[in-house]
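Hi,

Here is the structure I promised to pass on. Have a look at it first, and my notes on what turned up are underneath.

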Amino acid sequence: MIKVITYGTYDLLHQGHINLLRRAKELGDYLIVGVTSDSFDRGRGKLNVRNNVLERVEAVKATGYADEVIIEDYLGQKIDDIQKYDVDIFAIGSDWEGKFDYLNEYCKVVYLPRTEGISSTMLRAESQDVFRIGVIGSGRIAHRFLPETKVVNGAEVVAVLNPEKEKAEAFAKMHGLEAFTEFEDFIQKVDAVYIASPHLSHYDYAKRSLQAGKHVLCEIPFVLSKEQALELYRLAEEKNLVLMEASKTAYCPAFGHIVTLVKSGIIGDVVDVKASLSKMVPPPTRELDAAQAGGAMNEHGPLTLMAIIKLLGIDWKDVSFHTKIENGVDIYTKGVINYPHATSSFTLGIGVKTEGNLVISGTKGYIYVPAPWWLTDFFEVRYEDQTKNKKYFYSYDGEGLRYEIQEWLSMIVNDRRSCYKLRRRESVAITEIIEKYRNGENVTEI
Ligand code: C2G
């Protein structure tokens, strides 16, 4: 019996896939089809897959060509599978010509003709509008945002707004966009807005964009008061628009897995979360400017508080801060947030260096995420009995903004107002804690 194996995502299964499966089956007597898992696809940069793995498996089965369906979940699995299932022929479409020659060591490799004129990418593009995105602000993070949109289907940045003409034009030139200095002209050209302007302008720009009927992705710190956050989320709801806080770590694959592992009880009851984030910034810079809401708490509070709130929830009892101020901004802030059954602390620095790790302690074990934990790609679950320890590795691609952009567009396309990766009430809770600090509640200067 000749055994054939082939692999694919098979998203929005189409005639090209069906032809490929038929041809693969014709090469032998028994066809094994490896369907990629959702996390494997995310790991290899396929961020826009529409059907989940179960739907894709069902679609492959429905073609009637597969004698057996398996899940492909890791790099290198093809070699294992070929040996494990005693495969004679590995078949794949001609778009992969030459890429799988290394499998010749284990079985025969056949590249089958690809069906021209159809692909999942085309089908996704047809079923999904391309969103014209406008960027407000042209600073460091805005520059990083641009290349990240290129890897997300359906995202096309078309315009930039900066009241300072030369800055708007320089940014537009660099990225091939239209430059605007007036909000009213800019907003008419776009469907959705990414706000990466100075902190103090976030609220105003977000409100005006929502009022103009545009979806909003707003950089951190989102806004600087709980009232403003509530008002904006209410406005978005009323207008049936997506408003999302750009808390990048919340949307990255590894951090999401940490949260689900913790919630599933892998380290028992969580009793303590410690999160630190420090980035030394040389003057003169916005981060060290009090007039632009600089300071460690405004800069790094949002991501750090996001981790604590995702892990322990929004029902904290009390919050206190110790802070070191220089020239009107906190160069270091340490905070403690107590919950009825747990405690947590954070240390943030822009003029004081700290270890930037995240440690989640539970009654059975702890999770250690080394610095920089906010660009999570690795963590370890540790126990008293070290033989039970487990390390988890993930990819954190590019600047890591692609995950939030993808989630934002997916919410728009699928008409979702809320995302479990960062709930609106969690975003409001983060803002509330930052506001308490800004108001000097329970703040001790050192
Ligand atoms: N295919 C085809 N004709 C098309 C589109 C796709 O013959 N018009 C083939 C591909 O060449 C591949 C299979 O259909 O053999 C599945 O394609 P995808 O779903 O795009 O999956 P892919 O990313 O190619 O997965 O480990 C995964 C595999 O390495 C490849």
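One term before anything else: a helix here is a DSSP run of H or I with at least four residues, and helices are numbered from the N terminus. With that in hand, lysine 61 is easy to place, as it sits in helix α3, which covers residues 53-62. Please keep in mind throughout that this is a predicted model.

While we're on lysine 61: is it buried, partly exposed or exposed? Its relative accessibility is 47%, and partly exposed covers the range between 20% and 50%, so lysine 61 counts as partly exposed. I also checked how far lysine 61 is from phenylalanine 378: they are 317 residues apart along the chain, and their C-alpha atoms are separated by 35 Å.

Now the overall picture. The chain has 15 helices and 20 strands. Its radius of gyration is 25 Å, close to the 22 Å that the globule rule gives for 446 residues, so the chain is as compact as a globular protein of that length. Along the principal axes, the C-alpha atoms fill a box of roughly 75 × 60 × 40 Å. Buried residues make up 52% of the 446. If you take the contacts between residues at least 6 apart in sequence, 66% of them join residues at least 24 apart.

As for the surface, about 19,900 Å² is exposed, and carbon and sulfur atoms supply 49% of that. On the charge side, I get 54 positive and 63 negative side chains, with the centres of the two sets 1 Å apart.

The part I spent time on is a set of paired strands. Strand β4 (residues 89-93) runs parallel to β5, and five bridges join the two. Phenylalanine 90 has valine 109 of β5 as its bridge partner, and glycine 93 is matched with leucine 112, also in β5. β4 pairs with β1 (residues 3-8) as well, again in parallel, through two bridges. There, valine 4 stands opposite isoleucine 89 of β4.

How much of β4 is buried? Five of its five residues are, so β4 is largely enclosed by the rest of the structure. Both of its faces are covered, with Ile89, Ala91 and Gly93 buried on one side and Phe90 and Ile92 on the other. Its neighbour β5 (residues 108-112) has four of five residues buried, so β5 too is largely enclosed by the rest of the structure.

Further along, have a look at serine 197. You'll find it in the loop between β9 (192-195) and α9 (202-211). Although it sits in a loop, serine 197 is buried, with a relative accessible area of 9%. Leaving aside residues up to four places away in sequence, serine 197 touches Ile136, Gly137, His202 and Tyr205.

Two of those contacts, His202 and Tyr205, also appear among the buried residues of α9, along with Tyr203, Ala206, Ser209 and Leu210. An α-helix has 3.6 residues a turn, so residues three or four places apart point the same way. Just after α9, glycine 213 takes a positive phi of about 85 degrees.

That's what I have for now. Shout if you'd like to go through any of it together.

Cheers

Methods
Residues numbered from 1 in each chain as written. Predicted model: local features only at pLDDT ≥ 70, side-chain atom pairs only at ≥ 80, totals over all residues. Heavy atoms only, no water. Rg over C-alpha atoms; globule rule 2.2 N^0.38 Å. Buried < 20%, exposed > 50% of the residue type's maximum accessible area, 1.4 Å probe, protein only. Contact = heavy atoms within 4.5 Å. Areas by Shrake-Rupley, 256 points an atom, 1.4 Å probe, with all protein chains shown as cover. Lys, Arg positive; Asp, Glu negative; His and termini not counted. Charge placed at Lys NZ, Arg CZ, Asp CG, Glu CD. Pairing = 2+ DSSP bridges.
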